[in-house]
Amino acid sequence: MRLMSLEQLEATANAYINQATKLSHAGFTATKEDITGLVNKIFAEVFLDGDFSEDLGFMDGFKVEVGNTIEEYYAGFVSPEDYDESGAGNDAPARPDWAVPFYSERLGRKIFKTTKDYGTIQKAFSDAAEYGKLVMSIVKRLYDSLTLYLNQCKRELIGAVCAKNESVANDAAYNPATVYKKGDRFANGVVVKDYDAGKALDTAVATGYAVKLDLVTTIAKPTDSATGEAFIESVKVFAEKFKKPQQGYSYNGNIAGKGPKYVLILKDGILPDLEVQTMAGAFQADKLAFPVEVRTVKDFGSKANEKAFAILIDDRSMKLHNAYRAVRTHENADGDFINYVLHDDEIAYWSPNTMTHVWVEQA
């Protein structure tokens, strides 16, 4: 026996472990034991599973039992008027004003299909319990696939709402000569009451015919102490605003009341920089430095050139409502297999009447 240096030990272990034909290779050739001639056995079959739960559960809506569409309506507020002791207006109606309604419809049915074969796969197993795991995994993967799909749909919905908020800046500029109708939009604004042409924008806003919108902040993406603190300060400003009834912070422009809970959704990579580069208590609820729940997601969907990296929402504002879900089976006797088909249909719901704000990366 000779002494081994650390360098020799490293080289020996490296050569021992990194044998391309023995470390997780796709090809397999049966071998026989030298003395008896018996086939060398496979020691174990291993099925690798994981946790495929997702962290956007607050976006799960109610089950749609009947119908095809979600209709959202919003009642306007009643303005005070001078008292008239004559009661002259007693018989005149004072019907409430209603915001333009919005509609969310079924997106269409998708299916997830998988097949379990009889009398074949078990030949590859030497352990009945392990074979049972494989059979269960086939059906389990249907639901795992659905979970991943629904999470992607939620992130796409987040991206779509960000894009909606960003789009308000691209509408045509306000024109005093235009006859506007309720629901018409102009750059960073919305009309909430019909009116004739001739009103300057400030007049239209002051008299309750139009609302200026503040839905997007363009800011440096937080990567260091200065940009992180600027972003946190900006979010806290809007979190404070959202505690009270506000006008101009919802896509519909109406006076939105305080929601039960607000959620700040961040793209992956933002939170670690904030926690390292800025004050440690910024996201600790017990210190009340950041009065919202914080969630992180992989991305905001797959929209090209999407620069939004954070969105603050009333947790009622975006939901994925399941409209139909069922698993059907069909057995093929001749082929000796059974098909499992999972049907799913969703309604992507977004409320234009709740307060929302988006942060977009500065170019």
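This report describes salt bridges, a helix, a pocket and two backbone angles in a predicted model.

## Salt bridges

Across the whole structure, a search returns 15 salt bridges. Side chains of opposite charge can pair when their charged atoms come close. Three of the pairs are described here one by one.

Lysine 261 pairs with glutamate 293, with 3.2 Å between the closest N and O atoms. This pair joins distant parts of the chain, 32 residues apart: lysine 261 sits in the loop between β9 (255-256) and β10 (262-267), and glutamate 293 in strand β11 (residues 293-297). Lysine 261 has a relative accessibility of 31% and is therefore partly exposed. Glutamate 293, at 24%, is also classed as partly exposed, because that class covers values between the 20% and 50% limits. The contact belongs to a network of salt bridges that links Lys261, Glu293, Arg295 and Asp315.

Aspartate 314 forms a salt bridge with arginine 316, and the closest N and O atoms are 2.7 Å apart. Aspartate 314 has 1% relative accessibility, so aspartate 314 counts as buried. Arginine 316 has a relative accessible area of 40% and is partly exposed.

Aspartate 344 and arginine 325 meet through their side chains in a salt bridge, at 2.8 Å from N to O. Here too the pair links distant parts of the chain: aspartate 344 belongs to strand β14 (residues 337-350) and arginine 325 to strand β13 (residues 318-332), with their positions 19 residues apart in the numbering. Aspartate 344 is buried, at 1% relative accessibility, whereas arginine 325 is partly exposed, at 36%.

## Helix α2

Helix α2 consists of 40 residues and runs over residues 128-167. From first C-alpha to last, α2 reaches 58 Å, close to the 58 Å expected at 1.5 Å a residue. The helix also bends, by about 30°, at valine 139.

Three residues of α2 can be placed in more detail. Alanine 129 is in this helix and, at 54% relative accessibility, is exposed. Alanine 129 is 65 residues from aspartate 194 in sequence, and the two C-alpha atoms are 71 Å apart in space.

Tyrosine 149, also in α2, is partly exposed at 26% relative accessibility. Leaving aside residues up to four places away in sequence, tyrosine 149 touches Lys110, Phe112 and Asp344. Asp344 is the buried aspartate that is paired with arginine 325. The contact thus connects helix α2 with strand β14, because tyrosine 149 and Asp344 have heavy atoms within 4.5 Å of each other.

Asparagine 151 lies in α2 as well. Asparagine 151 has 13% relative accessibility and counts as buried, because the limit for that class is under 20%. With residues up to four places away in sequence again left out, asparagine 151 touches Glu54, Asp55 and Leu56.

## The largest pocket

Rolling a probe the size of a water molecule over the atoms shows where empty space is left. The largest pocket in this model has a volume of about 740 Å³. The pocket is lined by 30 residues, and those closest to its centre are Gly76, Phe77, Val78, Asp97 and Lys193. Strands β5 (189-191) and β6 (210-212) each contribute at least two residues to the lining.

## Positive phi angles

Most residues other than glycine have a negative phi, and most peptide bonds are trans. Two residues with a positive phi are described below.

Asparagine 188 has a phi near 60°, a positive value in a residue other than glycine. Asparagine 188 is in the loop between β4 (185-186) and β5, and β5 supplies at least two residues of the lining of the largest pocket. At 34% relative accessibility, asparagine 188 is partly exposed.

Aspartate 336 likewise has a positive phi, near 60°. Aspartate 336 is located in the loop between β13 and β14, the strands that hold arginine 325 and aspartate 344 respectively. Aspartate 336 has a relative accessible area of 37% and is partly exposed.

How values were computed: Residues numbered from 1 in each chain as written. Predicted model: local features only at pLDDT ≥ 70, side-chain atom pairs only at ≥ 80, totals over all residues. Heavy atoms only, no water. Salt bridge = Lys/Arg side-chain N within 4 Å of Asp/Glu carboxyl O. Helix = DSSP H or I, 4+ residues; strand = E, 2+ residues; numbered from the N terminus. Buried < 20%, exposed > 50% of the residue type's maximum accessible area, 1.4 Å probe, protein only. Expected span 1.5 Å × (residues − 1). Bend = angle between axes of the 7 residues up to and from the residue. 1 Å grid on protein atoms, 1.4 Å probe; cavity = no way out; pocket = protein on both sides within 12 Å on 5 of 7 lines; lining within 4 Å. Points joined across faces, edges and corners; volume = space filled by probe spheres on them.
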